[in-house]
Amino acid sequence: MTAKAQGLAQQGRHLAMLAVIWAALVFAPYWMPLFGGYTALGTRVLVLGLAAMSVNFLLGFTGVLSFGHAAWFGLGAYGAGLCLKWVALSTPLALLAGTVLGGVAGAILGVLLVRRRGVYFAMVTIAFGQVFYYIAFQWSSLTGGDDGLRGFERQPLDFGPFKIDLLHNDVYFYYFVLVCFAAAAAVMAFVLRSPFGHTMIAIRENERRARFLGIPIELHIWIAFALSCFFMAFAGALYALLNNFADPRVLHYSLSGDFVIMAVMGGMRRFWGPLLGAVIFVVLQDYISSVTVNWMSFIGALIVLIVLFFPRGVLGLLGQRRTA
Amino acid sequence: MLELTFFNVTNGLIIGAFYALMAIGLSLILNLSGVINFAHGGFLVIGGYLAYTLRPYIGFWGALIVAPFLTAIIGIAVERLLIRRLYGRDPLYSLLLTFGLAFIIEDGTRQFWGANGLPFSVPEGLTSALSSKFFFITGYRMFMVAMVAIVVGLLFVLLRYTRIGVRIRAGTLDLETVSALGVNVRALRSLNFAVGIFLAGLAGVLAAGQIGLEPTMGDSLLMPSFIAIIVGGVGSLTGTLFGGLLIGVASGLTAVIFPSASEAVIYVMMAIVLLVRPRGLLGEEGMLT
Amino acid sequence: MNKPLGTFDRRTLVKAGAAIGLSQLSAPFIIAARGDTPLKIGVDNPLTGTYAAPGKNEGVGIQLAVDQLNGKNGILGRRIELLTEDSTSGDAGAAVQKARKLIERDNVDFLVGNVNSALAQAMAQVSNEKGVLHVVPGGHTDGITGTNCKWNVFRVCTTTRMEANSICPLLFNTYGKKWHFITPDYAFGHTLYDGCEANLKKLGGTVTGNELTPLGITDFSAYLIKARAANPDVLVVLVQGNDMVNCLKQIAQFGIEKQLHVAGTQQELEAVEAMPPEARVGIWMFEWYWKQAAGTPGLEAFIGEVRKRTDGKVPTARTWFGYVTIHAYALACEKAKTVEAKAVAKALGDMELPPEVKMQPNKVYFRGGDHQLMLSAFVGELSQKGDGDPENLFKVNHIVAGDTDAPPVSETGCAMQMPA
């Protein structure tokens, strides 16, 4: 095959893959029940998948390990909930409030965090994430403390002549989340394809060399960090809408760990990897925890196996076979 | 008020000693192998539960000595079979592995010993308090501090004066050169890991006497250990020791002024240290960046 | 064919997926062929994490009741199918997800849960949204049958106000008027403290201090130091679960129970079993206790059955909660002659429990106004010796009727919205 033909074939494969992914996502409420699934599960997969993709923005593409990213997710959730509860009964506004809260907090704290790298950075992000966990726990007059933030629910979308009831109709809400997901994914893809995105990958590949090329490393990492926090907060806001509830657990480092695992499981180096990882992780956890009380051992064992034998994740594995 | 403060500072040192024990084990493993051991709390739990099971056969003192060794052996097995494969790779993978391991350990202890908490009493001789005035300095807490002091002291002697200790310290700074000098790095890492896990197991037995046994008891001790390392300085064991004591005292003092913040204050301390002196109190610049 | 480790056959994956899918499709056909549709009860309770022990015990009671009913013709002639999901001990997202799964995918007629009050309330939002009958066996926050009461939600265990009311007069009269509190710093703790403080004020006592402790703290020494310095008559310990075990252990270690009287409100056998003998001190109330007067209807059989299923252990209040939940539901369905949620809810309100289900003196019934069960409080003292019987760790002195210590509906803040 000539190089040009190979390139076209690859583009064709890429488009076919995209078509399959989007077809599966769009028709999910219809094919999921056939396999024992339910629409709310699909919505959960989308939201957590977006969160995993946000972590991967930093992890897979910039090579920076943040293990406390749930903090921004949680801030997004609490931001959305507080907005709905105290400010205005508007779903879009709540989404905006949550995204801004988490994103801005991440951007500000990112200044402190990006000075470190590697193992130390990971530890510091874990500890910082826990600070927010404690604040949510202790500031119970605002956040409801251990009981969580309740008393709000997602509002119908008001388009004037007609309303879309997001609260009672799971399928409508699923499509709403899908639209949000698509928008976020589009922005992410755009950034990754831009010159900035290429610089991020260069930093991941060899930080020292990138520095010698005159690239301001800390600034780039800070921007990538801040962007990932905004995406994370957006996912968190959607999560609050999904549950009509926000509780301190959305800030806990164990949730951060879950997101990283999803990214690794699906394939860190691929754009759609984390979504696939979310599908596997969420569905498996949902299924196994119904079947056995020892689901934690299974999930733990799965994580160990993935790390030891499939570090490139599912997509990484499939990718290898294709080129082999 | 002054008396109350004094009490709480002393009490804080006792708590801090315990944090330091956990943190030092974690730090040893982190410094030499670059592994963030999320399962450290899990090994604490294993140590405690093993002591509980062994106790009817060899008594409290027997369990105190044997359980940490058994835990360390389990630690070596884990290191050889699982963690060793990840040394060359990104620290992400060892972190994830120990994260998954923590799940398995928690579920395993729940499966073998049940979900309900188990009691663990300490020998009669240790239960009485120092005096009626200093009622909170009980024999057992003094014993705990003494154990921590002895073990940490032995560790420092080991690191400073034995060949293995010197190699571990050298390896922390430059593992490549140590390997080039002909030292068996793989064995060194295993041994280092074992020592760290031994400390965790010991902490588990001591904790069992203090708070009983429960499958999730390791969780609440993991975070303070991390913070002790960050505050004290990554790469410095002495720093970690002081970090542990410091956060213990801070926690105790806060309990006097603002009780509900006594847990959160250690996070505030961490934030302050990161702002003012990012490498930690006794940390060295460039240590794991 | 030799495959290197780590590769898998895409075809095998597709085959497996198809097999799973087909099995899901075929299952309902098998049940339909049998000719009767089972009645589905969904349990969404913690089986892992901090609340695993109470969650499991409630599960034992639930399973026992289901087996008993299925042995005798089920509910309205229909067999009961029990579906159990792990809500986890603190992940509200998971609990809500499982509730949705049980309601939407599995079409349960009845939802049960949760030990964790926050999760219970989150689940109640979903069950209310979908109009499914929901009973909370062991989630204690007052709001469930108070400010957040709902037409489809009922609760078995006590409210914090009931607990405070049942024990405070006794403590005041027996031990004195100056009280010092150790309170867990979350909603349950705060309402419990409010209830005790209100009682104390009414009786004419004083609060010497209130130590708010962070949840999950293992070392209470700082708070005990302060409490001791305040020199009260009674040290009231409101922390629960593992915190309670640690606090009492440290109280015993410091010898505090020799200088002050120790008491609290709610005590649980799960916590007591985890305590060393020297920590078993103080005056407490249980929501149900297994050692009662001989001849209490149903008690011996219940204890026997539970021992068989738990390797010889006695039933706890949690076991009883689970047991009552299922039997109450069965009785309400029989009374309403249907399993339709609104009708059953109506039948359950004001329904009295028969002797062999309530297993205690005093009238026990669900109050119509707020859907709270009027269960008795077993007030008594923990014993270090076990009174000769190593399992009898608590000596019951009074059994206070539920409707005497429960505040009237008007004071609970419940404004029940009945469905159209």
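This report describes the contacts that chain B makes with chains A and C, and then the domains of chain C, in a predicted model.

**Chain B with its partners**

On one side, 33 residues of chain A are in contact with 37 residues of chain B, and helix H6 (118-138), helix H12 (253-266) and helix H14 (295-309) of chain A each supply at least two residues of the side of chain A that touches chain B. The largest share of that side, 12 residues, comes from H6(A).

Chain C, for its part, has 34 residues in contact with 29 residues of chain B. The elements giving two or more residues to the side of chain C that touches chain B are helix H2 (52-71), strand S7 (206-213), helix H7 (221-230), helix H8 (241-254) and helix H9 (269-273) of chain C, and the largest share, 8 residues, is that of H7(C).

**Domains of chain C**

Chain C is divided into domain 1 (36-158 + 293-375) and domain 2 (161-286), with 29 Å between the centres of the two, taken over C-alpha atoms. Between them, 12 residues of domain 1 of chain C are in contact with 12 residues of domain 2 of chain C. H2 and helix H11 (317-336) of chain C are the elements that give two or more residues to the domain 1 side of this contact, and H2(C) gives the most, with 3 residues.

**Residue classes of the contacting sides**

| Side | Nonpolar | Polar | Charged |
|---|---|---|---|
| Chain A, touching chain B | 23 residues | 7 residues | 3 residues |
| Chain C, touching chain B | 15 residues | 10 residues | 9 residues |
| Domain 1 of chain C, touching domain 2 of chain C | 3 residues | 7 residues | 2 residues |

Key
Residues numbered from 1 in each chain as written. Chains lettered and ligands numbered in written order. Predicted model: local features only at pLDDT ≥ 70, side-chain atom pairs only at ≥ 80, totals over all residues. Contact = placed C-beta atoms within 7 Å. Helix = DSSP H or I, 4+ residues; strand = E, 2+ residues; numbered from the N terminus. Nonpolar A, V, L, I, M, F, W, Y, C, P; charged D, E, K, R; others polar. Domains from an automatic or database assignment.
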